[in-house]
Structure formats: C-alpha cells, structure tokens
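Me: I have a structure open and would like to go through its fold with you. Can we start with the overall layout and then look at details?

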Amino acid sequence: MRITEIIKSNKPSLSFEVFPPKTSDKFDTVQEAVEKIAVLKPSFMSVTYGAGGGTSEYTLSIAKNIQEKHGVTALAHLTCVNSTKEEVRARLEMLKSSGIENILALRGDITPENQNREKWDYHYANELVEEIKGLYDFCIGGACYPECHPESEHQKEDILNLKRKIDAGCEFLTTQMFFDNNVLYNYLYKIREAGITVPIIAGIMPVTNAKQIKRSCELSNCTLPQRFKAILDRYGDNPEAMKQAGIAYATEQIIDLYANGINAVHVYSMNKPDVAEKIQANISEIIK
Ligand code: FAD
C-alpha cells in the first residue's frame with residue numbers, strides 16, 4: 001500500500017524505523033529484531049540505507065521480508081550521494097520487482113570518503129526524486145528538518161530547497177527527530193506558508209542512550225530542551241532508568257502530537273523491539 005494512502009485517514013498512524021546490519025554476520029540478529037517489531041503490525045516500517053550503498057542489498061531483503069512474511073507495508077530508504085545513474089536505476093528496478101511501493105528519497109550525508117563531487121551524478125535529493133518520478137510509479141517521500149539542515153545557513157533557504165523536492169514529485173515528508181513539539185508546530189506553519197502542503201510524518205526518537213543522543217544532536221542541529229537535559233543528567237548513567245524515562249518522554253510527545261492533529265508519527269525504534277512494543281502499548285487506546 002502507498003504510504004500516502006495509509007496516512008490520509010483520520011486514524012492516528014504509528015510506524016517504526018529499522019536499520020540494516022553493516023556486516024553479514026549481524027544479519028540474523030537484525031532480522032530477528034525486525035521481525036519482532038513487524039509482529040506489532042505498525043502502520044508501516046521504514047528500512048534505512050547506508051550512505052555509501054554498503055548495506056543496500058540488506059535494505060531490500062529486510063523490506064521485502066517485512067512485506068511478504070508479515071504483511072506490513074515497507075518504506076525503503078534510498079540515498080544517491082556518490083551513486084551513478086546506472087546504480088540508482090538498477091536499485092530502483094530491484095525495488096520494483098520485489099514489490100516495494102514506497103521509497104524515502106535521500107541525498108545522504110557527505111563524508112570524508114565521498115567528498116569528490118566530480119564523481120557524483122546527483123547532488124541533492126530533488127534530483128533523485130525527479131529521476132524516480134520519471135521512471136516508475138513509486139510513492140516517494142523525503143526528509144525535512146524542523147530545526148534546519150546543518151548545511152543550510154538559514155531556515156528560509158532550507159525550506160525553499162525543500163520545496164524543490166516537493167515540486168519534483170515528493171508526496172510526503174518525514175521529519176528529523178525533535179524534542180520539543182513547538183519546534184514542529186512552528187515549522188509546519190512556515191512550510192505551509194511556503195506552499196508545501198504534503199502530509200508530514202513526525203519523527204520521534206525514544207532516547208535510551210544519553211551519550212549517543214548528545215553527539216547525534218550536535219551533528220544534526222537538534223536542540224535538547226532543558227526539561228529533557230535534566231532527564232539525561234539524572235538518568236544518563238543508569239541505562240534501565242534512562243530507557244524508561246526516554247520511552248515516557250517520547251510517549252508524551254506522541255500523545256501531544258496526536259492531540260494537536262498530527263496524525264502520523266514515525267518512531268526511530270533503532271532495532272529495539274522492547275522500545276517499540278512499550279511505546280505502542282502506552283498509546284494502545286489512542287491509536288485504536
Ligand atoms: P537534501 O534534501 O538534498 O538537502 C541537503 C542540503 O542541501 C540541505 O541543506 C538543503 O537545504 C540543501 N539543498 C537541497 N536541495 C538543494 C538544491 N537543489 N540546491 C541547493 N541546495 C539544496 N541518511 C542515510 O544515509 N540513510 C538513510 O536511510 C537516511 N534516512 C533518513 C531519514 C530521515 C527521516 C532523515 C531526516 C534523514 C535521513 N538520513 C539518512 C540522513 C540524510 O541523508 C542527511 O540528513 C543528508 O545530509 C541530507 O539528505 P536529504 O535527502 O535531506 O538532502
């Protein structure tokens with residue numbers, strides 16, 4: 001089923017994200033975790049893609065398994081940085097022939113290994129969206145950044161660039177994590193004003209590791225509100241307490257989003273079935 005069909009109803013949707021293993025020896029462990037999450041029958045599941053394409057075949061096989069074995073719609077991520085047109089087209093063909101209907105079209109991060117721009121066939125996600133749109137009838141989504149992408153100097157510029165992605169055929173957007181819902185509400189106002197009317201799926205990160213989140217917030221421009229910093233300071237050294245507090249905080253964010261009319265929530269469940277399960281249980285009556 002197309003993601004746009006899934007999220008268009010008034011019923012709240014709850015979806016989960018998983019990531020493929022980096023090496024083949026971890027495949028079975030990851031697959032086992034993915035299956036435990038799929039059993040929860042979320043609205044859909046997304047499977048990330050390694051920026052350099054290193055885990056590309058795992059993204060496909062995990063997405064395929066989610067759909068075929070569990071009957072859960074899969075959203076396969078695809079990045080284009082450092083890829084040739086031939087590689088992208090071959091990947092699209094494989095996704096299509098495997099029955100995948102939904103793609104999250106991304107540029108991918110620029111790293112020391114892939115900085116040689118002369119080798120790139122695509123420079124930004126809007127070019128990948130255009131390519132996919134011209135070849136197949138996938139339901140295409142993209143990423144958006146309520147606190148601005150780190151490479152953009154101003155949010156205005158970032159939103160103008162986001163509009164290019166929409167104009168190229170992107171049909172929905174999933175947000176970067178955020179820890180203060182007002183950040184999303186303000187952002188929504190700005191993007192709607194810029195003429196971006198596609199559905200927005202709110203990306204929520206249940207924090208279970210204090211060190212990791214501090215680092216990834218620094219890299220990705222996400223602000224940690226004082227209320228959340230206090231939780232990290234108090235429970236960061238106690239993994240079980242941190243997990244409980246992180247799940248409670250994410251649950252509260254999700255309930256507030258639904259209450260304010262954001263019907264689609266995507267949880268960065270990071271291959272942790274227990275986290276996905278607890279969040280789903282916490283809002284079981286709300287998503288009925
Ligand atoms: P773009 O939309 O291309 O934007 C990147 C930057 O370029 C922005 O600053 C933007 O304003 C600017 N820009 C965009 N278009 C233009 C243009 N035409 N001209 C000039 N400037 C432009 N990474 C992975 O490797 N694998 C994943 O599976 C993955 N999944 C993700 C899922 C979500 C929901 C999110 C939010 C991010 C994900 N990422 C993933 C990370 C993502 O690849 C990085 O954030 C990357 O740096 C930007 O990707 P993008 O598709 O948003 O890029």
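Reply: What follows goes from the strands to the helices and one histidine; bear in mind that this is a predicted model.

Me: Which strands make up the barrel, and in what order?

Reply: The barrel is closed and has eight strands, in the order E1-E2-E3-E4-E5-E6-E7-E8, with parallel pairing. From one strand to the next, the twist averages 30°.

Me: What holds paired strands together in general?

Reply: Strands of a sheet pair through backbone hydrogen bonds, and the pairing is either parallel or antiparallel.

Me: Which strands does E8 pair with?

Reply: One partner is E1, residues 13–18, which pairs with E8 in the parallel sense over four bridges. Another is E7, residues 200–204, also parallel, over three bridges.

Me: Which residues face each other there?

Reply: On the E1 side, serine 13 has alanine 264 of E8 as its bridge partner. On the E7 side, isoleucine 204 has valine 267 of E8.

Me: And where do the E8 side chains point?

Reply: E8 covers residues 264–267. Ala264 and His266 point one way, Val265 and Val267 point the other way, and all are buried.

Me: Let's move to E4. How many of its residues are buried?

Reply: Five of its five residues, 102–106, so the strand counts as mostly covered, with buried meaning under 20% relative accessible area. Asn102, Leu104 and Leu106 point one way from E4, and Ile103 and Ala105 point the other way.

Me: What does E4 pair with?

Reply: E3, residues 74–79, pairs with E4 in the parallel sense over five bridges. Histidine 77 has leucine 104 of E4 as its bridge partner. Between these two strands the chain passes through helix H4, residues 85–97, in a right-handed β-α-β crossover. E4 also pairs with E5, again in the parallel sense, over three bridges. There, isoleucine 103 has isoleucine 140 of E5 as its bridge partner. The chain gets from E4 to E5 through helix H5, residues 125–135, and this β-α-β crossover is right-handed.

Me: What about E5 and E6, how many bridges there?

Reply: E5, residues 139–144, and E6, residues 172–175, pair in the parallel sense over four bridges. Glycine 142 stands opposite leucine 173 in E6.

Me: Back to histidine 77. Buried or exposed?

Reply: Histidine 77, found in strand E3, has 8% relative accessibility and therefore counts as buried.

Me: What polar contact does its side chain make?

Reply: The side chain of histidine 77 makes one with the side chain of serine 46, at 3.4 Å.

Me: And which residues further along the sequence is histidine 77 in contact with?

Reply: Leaving aside neighbours within four places in sequence, the contacts of histidine 77 are Glu17, Ser46, Val47, Thr48, Tyr49, Thr59, Leu104 and Leu106.

Me: Last topic, helix H11. Which of its residues are buried?

Reply: In H11, residues 273–282, the buried ones are Pro273, Val275, Ala276, Ile279 and Gln280. They sit on the same side of H11 because they cover an arc of only 165° around the axis.

Me: What do those buried residues pack against?

Reply: The buried residues of H11 pack against strands E1 and E8, and against two helices, H2 (27–38) and H10 (239–259).

Methods:
Residues are numbered from 1 along each chain as its sequence is written. This is a predicted model: local features need pLDDT of at least 70, side-chain atom pairs count only at pLDDT 80 or more; totals for chains, interfaces and linings use all residues. Side-chain values use heavy atoms; hydrogens and water are left out. Buried means under 20% relative accessible area, exposed over 50%, partly exposed in between (1.4 Å probe, protein chains only). Two strands pair if DSSP finds at least two bridges between them. The arc is that of the directions from the helix axis to the C-beta atoms. Contact means heavy atoms within 4.5 Å. Axes are lines fitted to C-alpha atoms, for helices over the stretch in contact, and angles run from 0 to 180 degrees between N-to-C directions. A crossover is right-handed if, with the strands pointing away from the viewer, the path from the first strand over the helix to the second runs clockwise. A polar contact is a pair of N or O atoms within 3.5 Å; within protein, one must be able to donate a hydrogen and the other to accept it, and residues adjacent in sequence count only if both atoms are side-chain atoms.
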